[in-house]
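The report that follows describes how two chains meet, which residues form the core, and how the copies are related in space.

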There are 2 protein chains.
Amino acid sequence: MAVNLSTPKNLLPVPGVRLAAASSGIKGERDDLALVVFDPSAVVAGVYTQSAFAAPPVWVAKEREQIARGWLANSGNANAATGEPGRKDAIDLCQRAAAVLELESNSLQPFSTGVIGERLPMDKLLAAIPRLANSLDPDNWLEFASAIMTTDTVAKAVSKQVTIDGEAITVTGVAKGSGMIKPNMATMLGYIACNATVSGEVLRQLVVEVADASFNRITVDGDTSTNDCFMLCASGASAMSPIVSAEDPRALHLKHTLASVAKTLAQSIVRDGEGATKFVTVTVSGGASRAECLEVGYTVAESPLVKTALFAGDANWGRFCMAIGRAQIDGLDAAGVSLWLDEVEVAHQGLMSASYSEEAGAAVLAKEEFEVRIDLGRGACTETIWTTDLSYEYVRINAEYRS
Amino acid sequence: MAVNLSTPKNLLPVPGVRLAAASSGIKGERDDLALVVFDPSAVVAGVYTQSAFAAPPVWVAKEREQIARGWLANSGNANAATGEPGRKDAIDLCQRAAAVLELESNSLQPFSTGVIGERLPMDKLLAAIPRLANSLDPDNWLEFASAIMTTDTVAKAVSKQVTIDGEAITVTGVAKGSGMIKPNMATMLGYIACNATVSGEVLRQLVVEVADASFNRITVDGDTSTNDCFMLCASGASAMSPIVSAEDPRALHLKHTLASVAKTLAQSIVRDGEGATKFVTVTVSGGASRAECLEVGYTVAESPLVKTALFAGDANWGRFCMAIGRAQIDGLDAAGVSLWLDEVEVAHQGLMSASYSEEAGAAVLAKEEFEVRIDLGRGACTETIWTTDLSYEYVRINAEYRS
């Protein structure tokens, strides 16, 4: 049911980055284990779920950020709510892979996605590691994207190139995610690598800003995963002189490209949202702060009554008013609020627009992609988030997830 | 699909209160208009939606609380997002009814529930008023409950009696609501009357405390209506001496009975929640504050992934951890959190209980009613809320609401 999303093409290898995927048997014949290894010149930065139930692999990945030489990710089992035993599993798995690769034992970051509350099937995973380590190749980005899928119906990946200091810098990223999607600092899971040469300090700043412009602006169901991670690697496999300050104009240039890749990936997650039949952009302008724009945007985007109306293509605009009205905004005056569906003005300063017709509203909602634009009429701030509708299929997928 | 809910029986008239219902044609042949009139000795207090898009009838009802002699409620049209014209409609309707009843023109409080964003069909409503006013009777509580239904499948009403000062005090209440249910100070709509003799000041205090113990502890979909109101009337048609202080032991006695009626009504709304197949009690204990217990409770109760698991009867307990983990609680330590499904301990201090079996969990979730109990392990506070699952039927009802 993905909305205008197809299997990625023309993915570009990133100098200094090799990848592999294999099947350990967790998801039947399908690949469920992926390995990414960087040149020694690489630096890595990430943002991680803020869930109080953050999974053990997330604890380990955070600790190893500044010494990371690669990523080891499995799907089908989240290794979450597994405590110290789960932490040991994640460490053991990485250690085995590091040994085969002749790397320091703590140089790989672990990631897991799938069912919460079960221990990893360690025998299966350990047995798959030699095969995995022996098939590393710079051209395996699509295999990486496929191996980390769970309820995803389409693999998510994209490449861009930019020239910095006369050097061709390639940025390639992958992501997975379909449900349990309201990342809080990151989504489950996003990875972007480039061959730029960047200091760790600058990269750590970039990853936060890039996440804020992309993965932190999407919601499928308002649920935040225990395993969300968004990782950025700059392999340093280029002739450019290092970027050591975030004020360097080249950092802004690189950030722009990274954010573009991240936004495409984040939107891909929404397009492949569980049961999604619509891709909806919610823009809130006229806010006194960015925070209040986000509060209104998320309240609208996550309202079950709004989402079922989007699914039905029902221009029941009172539901938008309902959701705006219940957002936690001090002193919001309904008489200042206006609403558009694409270019159709629905409500002007709290009342139905004189020019509005049900037919015009329904014509917008009949489209697969459209914008809900809300102006709060009390400030200069704007925020945009992306979301989906709520369909029978969402209920089916999640009612039958484990059966 | 209501969960263990049937048409109310044995409703008791409340001395000093007369009621009527009629059909104006908004909902076809069904009654859609109700009138309640009190003896001159009555006092009224209410709590009203805190939505920034509160509907015009709510504005008028609030203004008239201290001079109210009755309630005029319609269903099928919420008269919301209609601004000043909507306010005038509400006033005109009440004025017409007051004229027929020979009451002061501003002595009735208006209430509306139904579709948001459309003007009231004034001709139809005004034409029904004389019939309505001529059929007032103390025994019409079930007719009142039925006339205010929208997507409700069962009328909601209950009576209790208590003896105060040797006087039989009757408490009878009705409510409506099925979707757009996360009341914020009140639900859409709840009305309770009794013949106790209470000062307006005490009644205004009681209504807040009663709402907090009942209507403010339920959620179906997390959406708050523009028209929520919970009203309390003490008709004074008894021989008891007036209660003029909230410290009076009789006030506590009365509050207990009022809260019991309100809780039954609030739970009826959840039992009749749109598409509900389960009635679930979420109890959060061990919190450092009541606020954090409520934050965790509502996050769990409103999580689409939890709700679809409840619908499926899938003991996917990781989803409870996920929802607890994303609640906005500072410094929550997963290692302190324990989880039960009824008496079955699922997780102990963040990890799956040694005694837990999937079969035991599934047996609880197969029931129509059960408790999800969460202990945060960091304090002495407890809160309880009531909720439902998320089924295909919820999506169908709301996708087809206006078609």
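In this predicted model, the contact between the chains draws 51 residues from chain A and 51 residues from chain B. On the side of chain A that touches chain B, four elements of chain A, namely α8, α9, β14 and α11, each supply at least two residues, and α9(A) gives the most, with eight residues. By residue class, that side of chain A divides into 27 nonpolar, 17 polar and seven charged residues.

The elements of chain A that each supply at least two residues to this side span the following ranges.

| Element of chain A | Residues |
|---|---|
| α8 | 304-312 |
| α9 | 318-326 |
| β14 | 351-352 |
| α11 | 392-399 |

Turning to the core, the largest nonpolar core has 284 residues, and those with the most contacts inside it are A:Ala34, A:Ile324, B:Ala34 and B:Ile324. When residues up to four places away in sequence are not counted, A:Ile324 touches A:Val296, A:Val300, A:Val337 and A:Ile374 in chain A, together with B:Ala52 and B:Phe53 in chain B. In soluble globular proteins, nonpolar side chains tend to be buried together.

As for the arrangement of the copies, a turn of 180° with a shift of 0.0 Å along the axis lays chain A on chain B with an RMSD of 0.0 Å, and this is therefore the relation of a two-fold axis. Within chain A, the C-alpha nearest the axis belongs to A:Tyr392, which lies 2.7 Å from it. Both copies use the same surface, in that 100% of the contact residues of chain A recur in chain B.

Note on methods:
Residues numbered from 1 in each chain as written. Chains lettered and ligands numbered in written order. Predicted model: local features only at pLDDT ≥ 70, side-chain atom pairs only at ≥ 80, totals over all residues. Contact = placed C-beta atoms within 7 Å. Nonpolar A, V, L, I, M, F, W, Y, C, P; charged D, E, K, R; others polar. Core = buried A, V, L, I, M, F, W, Y, C linked by C-beta atoms within 7 Å. Buried ≥ 20, exposed ≤ 12 C-beta atoms within 10 Å, placed from the backbone. Least-squares fit on C-alpha atoms with pLDDT ≥ 70 in both.
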